[in-house]
Amino acid sequence: MKLEGKVAVVTGTSPNIMGGIAEELAAEGARLVAVDAREDFVNGCAESIKRSGGEAIGVVCDVTDEEQVKRTIGSAVEAFGSVDILVNGAVKQNRKGLLGMPIDEFRAQVDIILGGALLFSKHAALQMIEQGRGGSIINIASTEAHGGSPGNIGYATSKSGLLNFTRSIAMELSEHRIRVNSLTPTATDVYEGRDRAERWGVEWLMPTGIADMAAILEERGRMTPLRRLPKPSEYGKAVAFLTCDDEAGMITGFDLRVDGGNVARFWGWNPADGPHDWVR
Ligand SMILES: NC(=O)c1ccc[n+]([C@@H]2O[C@H](COP(=O)([O-])OP(=O)(O)OC[C@H]3O[C@@H](n4cnc5c(N)ncnc54)[C@H](O)[C@@H]3O)[C@@H](O)[C@H]2O)c1
């Protein structure tokens, strides 16, 4: 197992992507601290890991509140003795564009995505520095960080901010052998999240009903160069690789795109139309 003896703090552990990442890290031997604003999600995640033979605790925490963040890092140390890995994934959706975005809503969204990543990175890094044996921080970005995204100004702006936040703190923390990277997911298969929610016994409301979502996802999958959308567990395996010092020990300040080729795709080619041919 890649992460035996490591303690991982993961924020935003809904049954979707971050729950999938948490379960993959635990499957690789990490002791898991599941963090979310929702108690049913942190408990569902921790209990599921324990049922599979792993070690985990759930901590309810608002990632924008510095005292709660400090307490959460303290709870991780109290339960498991250290913090070696942090994965920042807590997010708030608010699909509004420039002309319709109230400034207080913009600030609240940026505060969760960027402010939350800053607070958790700061207090996890302070703990890692005290421990003196390095560490690994992963920020979860999005394909919306890599291109102009209409109607989602708070999210797209915050997520692209996370990319340079990652590079900047990677430089700051390098002297302490704390590696910092980001991972870019794309539109994601929701069936694994639905099954995980059932397994955890929690209610997880997808942005639209499952039938509508299935139709949207089928189309997005066809548009993706690898012709399907990734599952949360596939992001989890990539996070396990990036956080494993034996495998990725010289990787820092990097963005690993697990997006089926979506960011690499030339804008004028839609894989759903078949081979690229301008003159068709
Ligand atoms: N779902 C996708 O298709 C997709 C695509 C690209 C990137 N991503 C990224 O992957 C990550 C996970 O996405 P998801 O779809 O699983 O998200 P999700 O909406 O299912 O879960 C986000 C979690 O963050 C928690 N949260 C919100 N505000 C919080 C706060 N102040 N403090 C603590 N917790 C808070 C919510 O309670 C929720 O459980 C996010 O960073 C997202 O931007 C998702």
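**Notes on the strands, helices and core**

1. A good place to begin is the pairing of strand 1 (residues 7–11) with strand 2, which run parallel and are joined by five bridges. Within this pair, Ala8 stands opposite Leu32 of strand 2. Please keep in mind as you read on that this is a predicted model.

2. The link between these two strands is worth following in your viewer. Strand 1, helix 1 (residues 17–27) and strand 2 together form a right-handed β-α-β unit. Is helix 1 enclosed or open? Eleven of its eleven residues are buried, so helix 1 is largely enclosed by the rest of the structure. The buried residues of helix 1 include Ile17, Met18, Ile21 and Leu25, and also the charged pair Glu23 and Glu24. Just after helix 1, Gly29 takes a positive phi of about 100°.

3. Strand 2 (residues 31–36) deserves a look of its own. Six of its six residues are buried, and the strand is mostly covered. In a regular strand, side chains alternate between the two faces of the sheet. Here Arg31, Val33 and Val35 point one way, while Leu32, Ala34 and Asp36 point the other way, and all are buried.

4. On to the next neighbour. Strand 2 also runs parallel to strand 3 (residues 56–60), and five bridges join the two. Which residue of strand 3 is the bridge partner of Ala34? That partner is Gly58. The connection runs by way of helix 2 (residues 39–51): strand 2, helix 2 and strand 3 make a right-handed β-α-β unit.

5. Now for strand 5 (residues 135–140). Six of its six residues are buried, so strand 5 is largely enclosed by the rest of the structure. Both of its faces are covered: one side carries Gly135, Ile137 and Asn139, the other Ser136, Ile138 and Ile140, and all of these are buried.

6. Strand 5 has pairings to describe too. Strand 4 (residues 85–88) runs parallel to strand 5 and is joined to it by four bridges, with Ile85 opposite Ser136. Strand 5 also pairs with strand 6 (residues 178–185), in the parallel sense and over six bridges. In strand 6, Asn181 is the bridge partner of Ile138. From strand 5 the chain crosses through helix 5 (residues 153–173) to strand 6, and this β-α-β crossover is right-handed. Strand 4, helix 4 and strand 5 likewise make a right-handed β-α-β unit.

7. A word on the packing. Nonpolar side chains tend to be buried together in soluble globular proteins. In this model the largest nonpolar core has 67 residues, and those with the most contacts inside it are Ala8, Val10, Leu25, Leu32, Val33, Ala34 and Val239. Helix 4 (residues 103–131) gives the most to this core, with eight residues. Ala8 and Leu32, which have come up already as opposite residues of strands 1 and 2, are both on that list.

8. Val239 is a handy residue to select. Which residues are in contact with Val239, leaving aside its neighbours within four places in sequence? They are Ile21, Glu24, Leu25, Val87, Ile138 and Leu183. Of these, Ile21, Glu24 and Leu25 are buried residues of helix 1, and Ile138 is a buried residue of strand 5.

9. Last, the ligand. There are 24 residues around it, of which Gly12, Ser14, Asn16, Ile17 and Ser142 come nearest. By class, this shell has twelve nonpolar, eight polar and four charged residues. Ile17 is also one of the buried residues of helix 1.

Conventions:
Residues are numbered from 1 along each chain as its sequence is written. This is a predicted model: local features need pLDDT of at least 70, side-chain atom pairs count only at pLDDT 80 or more; totals for chains, interfaces and linings use all residues. A residue is near a molecule or strand if its C-beta atom, placed from the backbone, lies within 6 Å of it. A residue is buried if 20 or more other C-beta atoms lie within 10 Å of its own, exposed if 12 or fewer, and partly exposed in between; C-beta atoms are placed from the backbone. Two strands pair if DSSP finds at least two bridges between them. A crossover is right-handed if, with the strands pointing away from the viewer, the path from the first strand over the helix to the second runs clockwise. A nonpolar core is a set of buried Ala, Val, Leu, Ile, Met, Phe, Trp, Tyr and Cys residues joined through C-beta atoms within 7 Å. Two residues are in contact if their C-beta atoms, placed from the backbone, lie within 7 Å.
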